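Dear colleague,

I am passing this structure on to you, and I would be glad if you could look it over before reading further. My notes on it come below the entry.

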Amino acid sequence: AINPGNSGGPAFSDLEAGAVAGVAFSKTTGVATDNIGYVIPHRVVAHFLREVESAGAFRGVPSVGFTTQDMENPAQKAGRGV
């Protein structure tokens with residue numbers, strides 16, 4: 001569970017072996033949800049640390065090369081056959 005005070009700590013995939021899955025980041029609770037936690041995967045954290053160490057700053061991650069657009073307009077949906 002991610003509780004106040006332990007956000008930013010390790011999230012273990014195997015506690016006994018000490019295997020870290022990532023960094024505990026945030027959680028949400030609400031009427032339809034209960035304790036849904038988010039973890040930054042260890043590969044993302046490792047990429048960030050390597051980037052800061054080698055370049056002195058985090059320059060981001062590569063773009064996938066395309067963008068998306070919500071099609072909420074009925075005419076737009078009809079024109080695309082959605």
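What follows is an account of the strands, then of one aromatic pair and its surroundings, and then of one salt bridge.

Please keep in mind throughout that this is a predicted model, so that every value given here was computed from predicted coordinates.

**The strands**

Strand 1, which covers residues 10-14, and strand 2, which covers residues 19-28, run antiparallel and are joined by four bridges. The two strands form a hairpin with four residues between them, and within that turn Gly18 has a positive phi of about 75 degrees. At this end of the pairing, Asp14 stands opposite Ala19 of strand 2.

Strand 2 also pairs with strand 3, residues 36-41, again in the antiparallel sense and over six bridges. Here Thr28, which lies in strand 2, stands opposite Ile36 of strand 3. If neighbours within four places in sequence are left aside, the residues in contact with Thr28 are Thr33, Asp34, Asn35, Ile36 and Tyr38. Thr28 has a relative accessibility of 28%, and because buried means under 20% and exposed means over 50%, this residue counts as partly exposed. As for its distance from Phe12, the two residues are 16 apart in sequence, and their C-alpha atoms are 19 Å apart in space.

**The aromatic pair and the nonpolar patch**

How many aromatic pairs does the count come to? The count comes to one, and this pair is formed by Phe48 and Phe58, whose ring centres are 5.1 Å apart and whose planes make an angle of 55 degrees. The pair is classed as tilted because its angle is neither under 30 degrees, which would count as stacked, nor over 60, which would count as edge-to-face. The two rings link distant parts of the chain, since Phe48 is in helix 1 (residues 42-55) while Phe58 is in the loop between helix 1 and helix 2 (74-80), 10 residues apart.

Are these two residues buried, exposed or partly exposed? Phe48, at 36% relative accessibility, counts as partly exposed, and Phe58, with a relative accessible area of 39%, is partly exposed as well. Both belong to a nonpolar patch on the surface, formed by Phe48, Leu49, Val52, Phe58 and Val61, which together have about 440 Å² of accessible area. Val52, a residue of helix 1, counts as partly exposed at 32% relative accessibility.

**The salt bridge**

Side chains of opposite charge can pair when their charged atoms come close. In this model the count comes to one salt bridge, in which Arg59 is paired with Glu51 and the closest N and O atoms are 2.4 Å apart. The cut-off for such a bridge is 4 Å, and the pair therefore qualifies.

Which of the two partners is buried and which is exposed? Glu51, found in helix 1, counts as buried at 11% relative accessibility, whereas Arg59 counts as exposed at 64%. Apart from its neighbours within four places in sequence, Glu51 is in contact with Gly56, Ala57, Phe58 and Arg59. Glu51 thus touches both its salt-bridge partner, Arg59, and Phe58, a member of the aromatic pair described above.

With best wishes

Note on methods:
Residues are numbered from 1 along each chain as its sequence is written. This is a predicted model: local features need pLDDT of at least 70, side-chain atom pairs count only at pLDDT 80 or more; totals for chains, interfaces and linings use all residues. Side-chain values use heavy atoms; hydrogens and water are left out. Rings of Phe, Tyr and Trp (its six-membered ring) pair if their centres lie within 6.5 Å; planes under 30 degrees apart count as stacked, over 60 as edge-to-face and the rest as tilted. Buried means under 20% relative accessible area, exposed over 50%, partly exposed in between (1.4 Å probe, protein chains only). Patches are made of residues with over 30% relative accessible area and no salt bridge: like charges are joined within 9 Å, nonpolar side chains (Val, Leu, Ile, Met, Phe, Trp, Tyr) within 5 Å. Accessible areas come from the Shrake-Rupley method with a 1.4 Å probe; for residues, only the protein chains shown count as cover. A salt bridge is a side-chain nitrogen of Lys or Arg within 4 Å of a carboxyl oxygen of Asp or Glu. Contact means heavy atoms within 4.5 Å. Two strands pair if DSSP finds at least two bridges between them.
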